[in-house]
Amino acid sequence: MPTAIAVTSADLVLPAPDRHTPAAAVLQSPDRLDLEGSLAETAALLERYGHLVVVLPPWLPAATARRLHTVRAILETDRIALLDIDLPPLGTALLVRQLRQLSVCDFSPGVIASAARLLSHYIYAGALLGSVAKLDRVPVGLKAHARSWSPSAQFAVLANPAPHLVKLGGGGAGAHAGGAGLPPGPEFVTHLTFARGQLASDWVTAELAPAWQVQGVMENPLPADSPAWWATGRLVEFAAAIPDPAVLYQLVASVRREECRWCGSELIGDRCGFCSAPLTAPPPQDPTGATAPYRARS
């Protein structure tokens, strides 16, 4: 039985790349479903799948996060993982799809949940922006802020895995022949997904995709939260990620597995995906040398 992967918005569920990839469960927001309904919705998923991994980015409304933490607390279960991976919306959707692909593999729920942090480092997420005047997700210099006032200004911005900003000239397309000045791309096989906002440009498909040597390009609708995340509606969001489930499997399987000392779940990396406890105990806080009691963050 696959571990259930859940999101809080339908636009974070990209089309399945094959018939083996299951859909994600879309949890209703607090303004559409009361607490009793949320409890019933979550309990039904646990009854059907056993474990639930919810991708809960920190940029979602605070009320949504509070509702899910409340539901987990009331149900008194350690079978719900709330993952606060901070990627742009389209990159988040790609991560969700990768978790969906892994959910049918022979990984335990704990490995799938903790794999999200590992996989996020292999997602190249950015956007072509018409303005960076209000952008606070990546460092923006004073010169770039000043240039944002030009009607023809365009900026190539990479938010993950490392922030990078490039001012494009001549309206964007054709400004940097041969890839000079482009955001640094992945050194492994990826597919590129992009979504158009209110910016008319083919720069992503005409320049970025060839420079990054992606193996495929797909267009999807722009997630509703993207304009707020990028602080402008004049954008074309893009994200490149590993598409092959066999490669994803090998990547996750190559990492040493540990047992969470707090909840007992299997994990990879340095933190449990279900209870958020670190792999190693924190240093003693008592000045006498005694180890202070530790409780995992809920």
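This text leads through a sheet, the helix that packs on it, and the salt bridges of the structure. The model is predicted, and the residue numbers used below start from 1 along the chain.

A good place to begin is the open sheet, in which six strands are arranged in the order 7-6-5-10-8-9 with mixed pairing. Its edges are formed by strand 7 (164-168) and strand 9, each of which pairs on one side only, and from one strand to the next the twist averages 20 degrees. In general, the strands of a sheet pair through backbone hydrogen bonds, in either a parallel or an antiparallel manner. Here, strand 8 and strand 9 run parallel and are joined by three bridges, and within this pairing F194 has E219 of strand 9 as its bridge partner. Helix 6 (residues 203-212) packs on the sheet, where it touches strand 5 (124-129), strand 6 (154-160), strand 7, strand 8, strand 9 and strand 10 (235-241), and the direction of helix 6 makes about 25 degrees with that of strand 10.

E219 also leads from the sheet to the side chains, since the side chains of E219 and R196 meet in a salt bridge with an N to O distance of 3.1 Å. This pair links distant parts of the chain, with R196 in strand 8 (residues 191-196) and E219 in strand 9 (residues 217-219), 23 residues apart. R196 is partly exposed because its relative accessible area of 36% falls between the limits of 20% for buried and 50% for exposed; E219, at 44% relative accessibility, likewise counts as partly exposed.

The search of the whole structure finds four salt bridges, and another of them is formed by R117 and D270, whose closest N and O atoms are 2.8 Å apart. Here too the pair links distant parts of the chain, for R117 belongs to helix 4 (residues 109-120), whereas D270 lies in the segment after strand 12 (266-268), 153 residues apart. Both partners are partly exposed, R117 with a relative accessible area of 37% and D270 with one of 45%.

A further salt bridge brings together the side chains of E266 and R257, at 3.8 Å from N to O, which is within the 4 Å that the definition of a salt bridge allows. E266 counts as partly exposed at 28% relative accessibility, and R257 is partly exposed as well, with a relative accessible area of 34%.

Definitions and conventions
Predicted model: local features only at pLDDT ≥ 70, side-chain atom pairs only at ≥ 80, totals over all residues. Heavy atoms only, no water. Helix = DSSP H or I, 4+ residues; strand = E, 2+ residues; numbered from the N terminus. Buried < 20%, exposed > 50% of the residue type's maximum accessible area, 1.4 Å probe, protein only. Pairing = 2+ DSSP bridges. Axes fitted to C-alpha atoms, helices over the stretch in contact; angles between N-to-C directions. Contact = heavy atoms within 4.5 Å.
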